[in-house]
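Hi everyone, thanks for making time. I'd like to walk you through a structure that's new to most of us, a few residues at a time. Have it open in front of you and follow along.

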Amino acid sequence: MIIYLDMDGVISDFKLACELQGLSNGKMKAPDKYLDFSQNPVMFGAKEAVTALEAMGHDLYIASTPPWRQPKAWTDKRLWVDKHFPTLRRKVILTHHKNLLIGDVLIDDTSYRGQPDFKGRWIHFGSNGIGWKETLEIIKNIDNEMLQRTKLYPL
Ligand SMILES: [Mg+2]
């Protein structure tokens, strides 16, 4: 399957990064304008999950919406991927319109960049206790469903 991974809040810990960089004091209206994205910690469980998804044979891409007000962050995100997820180099898509992506699964923690209109399955990461463990289970189920469908309706 083609699977898109959001960055902030999915493979990159935006919330923790804001805390570590002193941008979460409540007065800060737009932390994404000031955050140094190159220093974001990796989200708990994300590395292991990416390795597992790759071992399952899925084709992974990163789909991230970079902050429009901080062009430097666009570069920082690219460098961050090089450093933490080298297998996803050159598989980075920066977009404010995730509904236009073509693929099977989108793993994303927010709903305001077209995620609900994505034509595949949107896994709303972080909602209803969905973390990486649950996400891997959901993907295995989707994969099995698709396999069953192929058996029922062979090409
Ligand atoms: Mg996000």
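Let's start with I142: it counts as partly exposed, because it has 17 C-beta neighbours inside 10 Å. To find I142, go to helix α5. Keep in mind as we go that this is a predicted model.

So what does I142 touch, once we leave out residues up to four places away in sequence? It touches V105 and R121. R121 sits 21 residues away from I142 along the chain, and the C-alpha atoms of the two are separated by 8.7 Å.

Okay, stay with that helix. Helix α5 covers residues 132-152, and it packs with helix α3, residues 46-55. At what angle do α3 and α5 pack? About 15 degrees, with their axes 10 Å apart. Angles under 35 degrees count as roughly parallel, and α3 and α5 are therefore roughly parallel to each other. As for the handedness, the crossing of α3 and α5 is right-handed.

Who makes that contact? On the α3 side we have A46, A49, A52 and L53, and on the α5 side W132, T135, L136 and I139. Sorted by type, the residues of the contact between α3 and α5 come out as 7 nonpolar, 1 polar and no charged.

Let me pick one of those and zoom in: A46, over in helix α3. Is A46 buried or exposed? A46 counts as buried, because it has 22 C-beta neighbours inside 10 Å. Leaving out residues up to four places away in sequence, A46 touches I11 and W132. You can also look from A46 across to D13: the two are 33 residues apart in sequence, while C-alpha to C-alpha they are 9.8 Å apart in space.

That brings us to the core. The largest nonpolar core has 29 residues, and the ones that touch the most other members are I3, Y4, L5, V10, I11, V105 and I107. Which elements give two or more residues to this core? They are β1 (2-5), α3, β2 (59-64), α4 (72-84), β4 (105-108) and α5. The largest share of this core comes from α3, with 4 residues.

V10 is a good one to click on here. Not counting residues up to four places away in sequence, V10 touches L5, M43, I107, D108, D109 and F125.

Now hop over to strand β3, where I93 has its place. I93 counts as partly exposed, because it has 13 C-beta neighbours inside 10 Å. Setting aside its neighbours within four places in sequence, I93 is in contact with Y61, I62, A63 and L101. Then there's S64: I93 and S64 are 29 residues apart in sequence, but 6.4 Å apart in space, C-alpha to C-alpha.

L94 is found in strand β3 too. With 14 C-beta neighbours inside 10 Å, L94 counts as partly exposed. What does L94 touch, not counting residues up to four places away in sequence? S64, P66 and W74. And here's a nice pair to look at: L94 and D6 are 88 residues apart in sequence and 9.8 Å apart in space, going C-alpha to C-alpha.

Last stop, the loops, and two backbone angles to check. Where is R90 found? In the loop between α4 and β3 (92-94). Phi of R90 is near 60 degrees, which is a positive value in a residue other than glycine. R90 counts as exposed, because it has 8 C-beta neighbours inside 10 Å.

The other one is N128, in the loop between β5 (121-124) and α5. Phi of N128 is near 45 degrees, again a positive value in a residue other than glycine. N128 counts as exposed as well, because it has 6 C-beta neighbours inside 10 Å.

So, to recap what to click on afterwards: the right-handed crossing of α3 and α5, the 29 residues of the largest nonpolar core, and the positive phi values of R90 and N128. That's it from me. Happy to take questions.

Methods: Residues numbered from 1 in each chain as written. Predicted model: local features only at pLDDT ≥ 70, side-chain atom pairs only at ≥ 80, totals over all residues. Axes fitted to C-alpha atoms, helices over the stretch in contact; angles between N-to-C directions. Parallel < 35°, antiparallel > 145°, perpendicular 65-115°, else oblique. Left-handed = near helix turned anticlockwise from the far one by under 90°. Contact = placed C-beta atoms within 7 Å. Nonpolar A, V, L, I, M, F, W, Y, C, P; charged D, E, K, R; others polar. Core = buried A, V, L, I, M, F, W, Y, C linked by C-beta atoms within 7 Å. Buried ≥ 20, exposed ≤ 12 C-beta atoms within 10 Å, placed from the backbone.
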